[in-house]
Amino acid sequence: MFFAGSYMACEKCGKQTPRRGSRQKFCPECAKAESIKNVSEKQKQLFDEGGRRRPRPIAPRTEPKTLSEVAKEARSLGLTYGRYMALIQSGGLEGYIREKERGR
Ligand SMILES: [Zn+2]
């Protein structure tokens, strides 16, 4: 389906090579060499730019709490650490807090 039967000249060595895609620039041998070169250049780039690349957005909701923070929160709700963690894992913590607040 891609340019069946047509040929193109390799951009590197100039050899006529069957066209296999619209983005093809090189004969198979040069394409192989170029892809290896591109990979190593990309790695160099990554290394050069170092930590400036893609700063990760901080998601406060998924930030893990420290053990003492969790323990403090559990105590403030009148729960043991184990019960508190069980409620978080079952997704029942919000319901527990609501119920507790209603009872006050
Ligand atoms: Zn070539």
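Helices and strands here are DSSP runs, numbered from the N terminus. The model on screen is predicted, and the tour below moves through it from the whole chain to single residues.

**The whole chain.** Begin with the full protein displayed as a cartoon. It has 4 helices and 2 strands, and from the N terminus on the elements run β-β-α-α-α-α. Colour by confidence next: the average pLDDT is 82, and 79% of the residues score at least 70. Among the elements, strand β2 (residues 16-18) has the highest mean pLDDT, 93, while helix α1 (residues 28-49) has the lowest, 81. Before leaving this view, consider burial and contacts. Of the 104 residues in the protein, 2% are buried. Among contacts with a separation of 6 or more, residues 24 or more positions apart account for 0%.

**The loop between the strands.** Select Gly14, which is found in the loop between β1 (7-9) and β2. Is Gly14 buried or exposed? Gly14 counts as exposed because it has 10 C-beta neighbours inside 10 Å, and the exposed class extends to 12 or fewer. Now add Cys27 to the selection and draw a distance between the C-alpha atoms: Gly14 and Cys27 are 8.4 Å apart in space and 13 residues apart in sequence.

**Helix α2 and the residue after it.** Move to residues 67-76, which form helix α2. How many of its 10 residues are buried? The count is 0, and the helix is hardly covered. Just after α2, select Gly78 and inspect its backbone: this glycine takes a positive phi of about 75°.

**From Gly78 to helix α4.** Keep Gly78 selected and add Lys100, which has its place in helix α4 (residues 93-103). The C-alpha atoms of Lys100 and Gly78 are separated by 9.6 Å, with their positions 22 residues apart along the chain. Lys100 counts as exposed because 12 C-beta neighbours lie inside 10 Å, and 12 or fewer is the criterion for that class.

**Leu93.** Finally, stay in helix α4 and select Leu93. Leu93 has 17 C-beta neighbours inside 10 Å and therefore counts as partly exposed; a buried residue would need 20 or more. Which residues does Leu93 contact, leaving aside its neighbours within four places in sequence? They are Leu87 and Ile88. To end the tour, add Arg83: its C-alpha is 9.7 Å from that of Leu93, and the two residues are 10 apart in sequence.

Definitions and conventions. Residues are numbered from 1 along each chain as its sequence is written. This is a predicted model: local features need pLDDT of at least 70, side-chain atom pairs count only at pLDDT 80 or more; totals for chains, interfaces and linings use all residues. Two residues are in contact if their C-beta atoms, placed from the backbone, lie within 7 Å. pLDDT is the predictor's confidence in each residue, from 0 to 100.
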